[in-house]
There are 2 protein chains.
Amino acid sequence: MPNLSALQNHQVRLASRPIGEPTRENWSFTTEAVAEPAEGGVLIKTLYLSLDPAMRGWMNDAKSYIPPVGINEVMRAGGIGEVIASKNPNFAVGDLVNASLGVQEYCLIPADQLKRSGIFKIDTRVGSPTQWLNVLGMPGMTGYFGLMDVGQPKAGETVLVSGAAGAVGQTVGQVAKIKGARAVGIAGGKAKCDFVVNELGFDACIDYKAGSVRDGLKEHCPNGVDVYFDNVGGEILDHVLAKINRKARIIICGAISQYNNTTAVQGPKNYLSLLVNRARMEGIVVFDYADRYHLAVAEMAGYLKDGRMKSREDVVKGLDTFPETLMKLFKGENFGKLVLQVAD
Amino acid sequence: MPNLSALQNHQVRLASRPIGEPTRENWSFTTEAVAEPAEGGVLIKTLYLSLDPAMRGWMNDAKSYIPPVGINEVMRAGGIGEVIASKNPNFAVGDLVNASLGVQEYCLIPADQLKRSGIFKIDTRVGSPTQWLNVLGMPGMTGYFGLMDVGQPKAGETVLVSGAAGAVGQTVGQVAKIKGARAVGIAGGKAKCDFVVNELGFDACIDYKAGSVRDGLKEHCPNGVDVYFDNVGGEILDHVLAKINRKARIIICGAISQYNNTTAVQGPKNYLSLLVNRARMEGIVVFDYADRYHLAVAEMAGYLKDGRMKSREDVVKGLDTFPETLMKLFKGENFGKLVLQVAD
């Protein structure tokens with residue numbers, strides 16, 4: 001066990017609730033001594049943190065699927081860390097784990113919090129630590145179960161996904177292809193679209209920054225859209241609603257275009273297309289599938305191994321960059337799953 | 001067979017496509033001689049026509065689940081009529097039938113159009129002609145299959161329906177009660193709400209004209225909403241989205257509040273409640289259930305007979321009143337299923 005009393009834990013806390021885009025002023029930076037775990041607990045050194053669009057929602061004081069982060073609390077974040085002290089027989093020093101660690105360098109998890117933290121050991125023979133935050137982690141599980149359980153794509157159908165170069169999007173499109181569907185992405189910029197088609201193997205990708213999404217849908221979804229996995233909301237959702245097929249399934253996973261709104265969320269004006277097409281729009285929260293994560297991880301690990309699936313992460317170094325790094329998500333600047341590297 | 005050449009067929013045709021609310025100027029009134037049916041055809045005298053919110057959509061030149069009515073075509077309408085001439089062995093003079101008759105006094109259906117007209121004989125021992133346009137007709141089928149197939153209410157759940165005093169709404173709430181759910185309606189005005197509770201047996205009814213729907217939901221849906229059958233769209237849909245339970249089902253049947261809009265349809269701003277609650281919003285078109293109508297009719301006829309179900313119609317006389325009578329739907333002035341009586 002290292003000399004814990006010599007360690008300082010740098011933390012990022014929510015100082016105030018943002019209106020619109022979060023800025024550095026909404027965060028506070030604190031330093032605490034690191035404490036030893038009590039009986040049954042573990043102390044984890046943070047290596048990588050997962051930065052996700054959902055974090056923006058946790059900053060609001062609103063009823064949601066999870067309570068908001070409180071003012072002056074360490075910001076919530078899932079991540080990969082190394083156990084550096086353990087008083088729990090299930091975890092040994094040196095174990096790599098995935099858990100809700102928070103935006104901080106060290107995370108002490110008492111015995112009674114272990115289950116809630118979602119902690120589990122990761123196997124680096126199956127995937128790298130950052131892959132465990134991507135296709136093998138929450139985004140991968142979100143994409144997999146949203147697509148398979150709600151979307152239920154059939155071979156030959158057209159599966160469309162927005163945020164295609166992002167963490168969830170890359171899983172959705174690649175799994176759709178493996179299952180025999182046609183995969184079309186929507187992403188911002190030529191580099192991302194090229195990556196989505198050339199590296200990830202989607203059939204096409206629409207660059208929403210380069211031209212009209214409506215025209216792109218016309219060109220790349222000539223047979224309409226059977227499954228739409230929506231990560232963005234806003235106008236793109238409306239364009240897609242105008243192109244859905246009979247009995248289409250729309251998975252509502254997020255609405256990144258709306259998270260920093262200072263006005264009301266833009267509702268989908270074309271929602272009556274659901275009526276005309278006897279179609280369905282359904283929300284998904286990944287935690288509901290926790291008892292089947294291991295099955296999806298095993299399946300996707302197989303695809304990673306045989307090369308049918310790729311996992312791309314955008315790794316930014318430094319805990320202190322957190323406020324600006326998080327904003328890359330909302331500016332569409334991340335290229336692949338956004339990961340904050342906190343330690344080597 | 002009557003002297004057909006002595007009969008004049010008065011008709012209402014679509015003269016121009018309305019912008020916003022249809023007015024008398026959008027209709028033309030024509031008179032034609034009545035012709036004898038050719039081999040395999042039937043001639044029907046219109047008794048009652050069904051006036052439905054969906055008619056407003058048929059007047060628009062837009063892609064929908066059914067082609068629009070063409071300019072100068074007789075307005076489409078389903079109804080009950082009497083066969084007055086037949087060259088088809090399946091139909092005898094005197095038979096009462098339900099079919100797509102159009103807004104006219106006589107309807108000649110050639111052999112090759114019979115199937116498309118949806119024609120079937122009605123049995124007045126099972127229900128009156130106007131009941132065959134209400135709970136035993138399209139509105140009843142819409143309510144029944146939308147509720148049972150998409151809504152799938154469980155005993156003890158809260159089923160909410162807008163337009164509760166209307167044709168679809170009365171079926172939804174009464175079937176929900178029979179299936180053991182709690183039924184709450186939304187309707188306009190004290191008289192309608194009293195009718196919905198006292199006559200139809202709903203557990204409660206929210207008067208959207210008397211106060212805030214939000215407060216009404218709080219009071220009358222204390223355990224939230226499990227199934228919402230939406231006939232109105234607009235702000236009420238948003239209020240309900242804020243009150244849905246986990247895994248709620250929203251049936252999108254119509255959006256009468258939006259049909260006469262001259263601006264874009266109001267999209268549901270609170271649609272992300274679907275995500276938070278893992279809920280579903282799904283469209284329904286009644287024609288999809290045509291092969292099971294007979295089962296639902298038999299079931300509901302039983303409820304009418306044993307008194308568990310009531311059927312209320314608002315009957316207005318006179319073909320020439322059609323333009324104004326139709327508008328009762330959009331002004332919320334009809335009390336029960338709106339029926340136009342064309343002949344005695």
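Copies are superposed by least squares on the C-alpha atoms of residues with pLDDT of at least 70 in both. Keep that in mind for the first stop. The model on your screen is predicted.

**Stop 1: both chains**

Show chain A and chain B in two colors. Chain A can be laid on chain B by a turn of 180°, with a shift of 0.0 Å along the axis and an RMSD of 0.0 Å. The two copies are thus related as by a two-fold rotation axis.

Now find that axis. Select A:Gly267. Its C-alpha lies 2.1 Å from the rotation axis, the closest approach of any residue of chain A.

**Stop 2: the interface**

Select the residues of each chain that touch the other. You should have 31 residues of chain A in contact with 32 residues of chain B. Of the interface residues of chain A, 100% are also interface residues in chain B, so the copies meet through the same surface.

Switch to a surface view. The two chains bury about 2,800 Å² between them, and 61% of this area is on carbon and sulfur atoms. Pick out A:Tyr271, A:Leu275 and A:Arg278. Together they supply 24% of the area that chain A buries against chain B, more than any other three residues.

**Stop 3: polar links across the interface**

Show side chains as sticks. Between chain A and chain B there are six salt bridges. Seven residue pairs are in polar contact across this interface, both partners at pLDDT 80 or more.

Which elements of chain A give two or more residues to the side that touches chain B? Select helix H6 (234–241), strand S12 (244–252), helix H7 (273–276) and strand S13 (280–283) of chain A. S13(A) gives the most, with four residues. Color this side of chain A by class: 17 residues are nonpolar, seven polar and seven charged.

**Stop 4: strand S13 in both chains**

Zoom in on S13(A), then add strand S13 (residues 280–283) of chain B. The two strands pair in the antiparallel sense over three bridges. Label A:Met281. Opposite this residue, in S13(B), stands B:Met281.

Stay here for the charged pairs. Side chains of opposite charge can pair when their charged atoms come close. Widen the search to the whole structure and it finds 38 salt bridges over all chains. One of them links the side chains of A:Arg280 and B:Glu282, at 3.0 Å from N to O. A:Arg280 lies in strand S13 of chain A and B:Glu282 in strand S13 of chain B, so this pair joins two chains. Next, select B:Arg280 and A:Glu282. These two also form a salt bridge, with their closest N and O atoms 3.0 Å apart.

**Stop 5: strands within chain A**

Hide chain B. Select strand S4 (residues 78–86) and strand S5 (residues 96–100) of chain A. They pair in the antiparallel sense over five bridges. Label A:Glu82 and look across to A:Leu96 in S5(A), which stands opposite.

Where does S5(A) lead next? Add strand S7 (residues 120–121) of chain A, which runs antiparallel to S5(A) and is joined to it by two bridges. Finish on A:Asn98, which stands opposite A:Phe120 in S7(A).

How values were computed:
Residues are numbered from 1 along each chain as its sequence is written. Chains are lettered from A and ligands numbered from 1 in the order in which they are written. Side-chain values use heavy atoms; hydrogens and water are left out. Contact means heavy atoms within 4.5 Å. Buried area is the accessible area (1.4 Å probe) that two parts lose on being put together, summed over both. A salt bridge is a side-chain nitrogen of Lys or Arg within 4 Å of a carboxyl oxygen of Asp or Glu. A polar contact is a pair of N or O atoms within 3.5 Å; within protein, one must be able to donate a hydrogen and the other to accept it, and residues adjacent in sequence count only if both atoms are side-chain atoms. Ala, Val, Leu, Ile, Met, Phe, Trp, Tyr, Cys and Pro count as nonpolar, Asp, Glu, Lys and Arg as charged, and the others, Gly among them, as polar. Two strands pair if DSSP finds at least two bridges between them.
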